[in-house]
Structures are given as structure tokens and as C-alpha cells.
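Here are some exercises to work through with the model open in your viewer. Try each task before you read its solution.

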Amino acid sequence: MISLFSLLYRSPKWGQALLDSLYRTTPELNDGRAEFYWIACRANPETLSFVRRSGHRYLRHDPQVIDEMPTGYDGPEYLRAVYGALNAGIEIADEKCVVLSSDHVFTPGWLTSLDGAWNENLALTSLTLEPGGGRHQVFPAELNGTGALHRPLGRIPWEMDMERLDAVAAKEAKPVYSPGGAHQPTLFLREAAMDVGLYPQGNPSGDFGDRVFFRKLEAAGVHHQTWHGSVVYHVGEGEMTE
């Protein structure tokens with residue numbers, strides 16, 4: 001089974017938008033080939049109530065707030081909680097795992113295509129479209145090999161034109177691999193992630209925890225690549241706008 005999970009901390013509205021998008025585009029959730037669950041990361045009471053009522057299992061991750069990051073790690077402090085929550089989600093996953101963000105919007109067949117192109121020697125990422133602008137610039141290729149495409153299709157999932165998104169995704173989709181890519185959504189073997197020690201406990205000084213995780217997988221023979229046949233949209237700020 002493929003385990004899909006997302007962190008959520010402050011916005012039931014963004015959580016519901018994620019569920020709506022997943023069930024619109026991911027038949028694996030309806031026939032038992034995939035599951036979805038929440039990691040409630042320092043979630044406020046409203047968000048905890050939402051995940052409990054959502055019909056999906058969830059795990060609370062509430063690490064104590066500390067004044068300073070551990071030696072060798074950069075702030076902000078909340079990244080310690082985020083990476084810890086990602087690790088907690090991987091630990092309870094089934095054989096295969098896909099980490100999502102609460103500000104992703106999906107297109108039909110994204111998981112079917114991603115899984116069909118995947119093998120256990122890959123950490124395989126969907127091609128990402130992003131609106132850019134604001135505080136969130138489009139994910140650059142120089143950061144991790146394959147960048148996101150600048151496609152300003154909206155910043156609020158429940159107001160987006162889904163037919164337009166699907167049409168753009170269909171135009172951009174190609175049966176091509178490229179090196180590296182965005183950090184999520186990425187399909188990988190749970191056992192491989194556990195074997196390399198999961199994500200670090202924050203951003204190591206001068207680097208990014210996501211990138212360190214993929215480098216550890218690479219050293220173990222699991223290569224991070226982007227599969228252009230699977231296309232997703234990433235708003236980029238999501239719950240932070242609430």
C-alpha cells in the first residue's frame with residue numbers, strides 16, 4: 001500500500017481543500033491501493049477537531065518549544081517540529097510513502113503515473129507547477145536539480161479553475177525523468193528512509209534538511225528524480241496565509 005500523509009497545524013479550510021483535491025484525482029484512495037493520514041503538528045484546537053472528524057487516522061506531534069536550535073542547526077525553531085513531524089509520518093507508513101503539503105493541488109492520475117514510473121531505487125517527485133510571487137518564489141532548478149514551472153493559476157485552491165489546471169497539467173506532462181526536484185510530493189520506500197536515519201532535526205547550518213535527506217538516500221543508492229508524467233500544483237504559502 002502507498003501511504004500519503006500531510007502535516008496540518010492551523011487551518012481546517014486548507015485541510016479540507018487538500019482532501020477534496022486528493023479524492024478528485026486519486027482513485028487509489030477509493031480502492032485500497034493507498035491510504036491518507038494527518039500529522040497534526042503543534043495543531044490548534046480547531047485543527048485538531050477537524051482531523052478527528054475528517055474520517056482519516058491522525059497522529060499528534062507536539063514537541064516542546066525550545067529557545068534555541070541544537071548546535072549546528074539554523075532556525076527558525078519551528079522547523080525542528082516540522083522535520084520531526086515528517087519523520088513521525090514516515091515511521092507509521094506502509095511499504096511506500098508519499099509526503100504531501102497542505103497547499104498542494106493535484107491533477108487526475110498524478111499518483112497512478114508517479115507509482116507506475118517508480119522503483120525502489122528512486123525517490124520520485126512529481127513535476128511541480130507554482131504561481132510564484134509574494135513571499136514564495138518559484139522553486140529554482142539550482143537548488144535541487146529540477147525546478148518548478150511558473151504557472152500562476154491561483155493561490156486559493158477552493159477558488160481555482162480546476163478544468164484549467166487539468167488542461168495545463170496535461171500539456172506539461174511528458175514521460176521524462178530529470179535529476180533532483182522539489183521536496184514534495186515524493187514517493188520512496190519507507191524502509192530506505194528509515195535505513196538512512198530519516199530527516200535531520202532541522203536545517204543543518206548553511207543547508208536544508210530536505211536536501212540533506214535526499215543526499216543520504218543518494219549515498220544509499222536511492223536516487224532523487226522528477227517524473228514529468230505526474231503533475232501537481234503547489235501554492236507555496238498555504239496555511240501561513242490564514
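**Exercise 1. Classify Arg 190 by its accessibility, then find its partners.**

Step 1. Arg 190 has a relative accessibility of 24%, so it counts as partly exposed; buried means under 20% relative accessible area, exposed over 50%, and partly exposed in between, with a 1.4 Å probe and protein chains only.

Step 2. Place it in the fold: Arg 190 belongs to helix H8, residues 190–195. Helices (H or I, at least four residues) and strands (E, at least two) are DSSP runs, numbered from the N terminus.

Step 3. Beyond neighbours within four places in sequence, Arg 190 is in contact with Ile 90, Glu 91, Ala 93, Asp 94 and Glu 95, where contact means heavy atoms within 4.5 Å.

Before you go on, note that this is a predicted model, in which local features need pLDDT of at least 70 and side-chain atom pairs count only at pLDDT 80 or more, while totals for chains, interfaces and linings use all residues. Residues are numbered from 1 along each chain as its sequence is written, and side-chain values use heavy atoms, with hydrogens and water left out.

**Exercise 2. Look at the pairing from the side of Glu 91.**

Step 1. Glu 91 sits in helix H4, residues 78–91.

Step 2. With 41% relative accessibility, Glu 91 counts as partly exposed.

Step 3. Leaving out residues up to four places away in sequence, Glu 91 touches Arg 190, Met 194 and Leu 198.

Step 4. Take the pair Glu 91 and Leu 198: they are 107 residues apart in sequence, yet their C-alpha atoms are 9.0 Å apart.

**Exercise 3. Find residues with a positive phi and peptide bonds that are cis.**

Step 1. Recall the background: most residues other than glycine have a negative phi, and most peptide bonds are trans.

Step 2. Leu 198 has a phi near 65 degrees. Leu 198 lies in the loop between H8 and strand S11 (203–204) and is buried, at 8% relative accessible area.

Step 3. Arg 42 has a phi near 50 degrees. Arg 42 is in the loop between S2 and helix H3 (45–53) and is partly exposed, at 24%.

Step 4. Turn to omega: the bond joining Gly 75 and Pro 76 is cis, at about 5 degrees, and the bond from Gln 184 to Pro 185 is cis too, near -10 degrees.

Step 5. Pro 76 is in the loop between strand S4 (73–74) and H4, while Pro 185 is in the loop between strand S9 (177–179) and strand S10 (186–189).

**Exercise 4. Describe the surroundings of Thr 125.**

Step 1. Thr 125 is part of strand S7, residues 122–130, and at 0% relative accessibility it counts as buried.

Step 2. List its contacts outside four places in sequence; among them are Leu 114, Ala 182, Pro 185 and Trp 227.

**Exercise 5. Which residues have the most contacts inside the largest nonpolar core?**

Step 1. A nonpolar core is a set of buried Ala, Val, Leu, Ile, Met, Phe, Trp, Tyr and Cys residues joined through side-chain atoms within 4.5 Å.

Step 2. The largest one has 54 residues, and Leu 4, Phe 5, Leu 22, Phe 36 and Trp 110 have the most contacts inside it.

Step 3. Strand S2 (residues 34–41) gives the most to this core, with seven residues.

Step 4. A second, separate core of 12 residues includes Trp 14, Val 105, Leu 127 and Ala 169.
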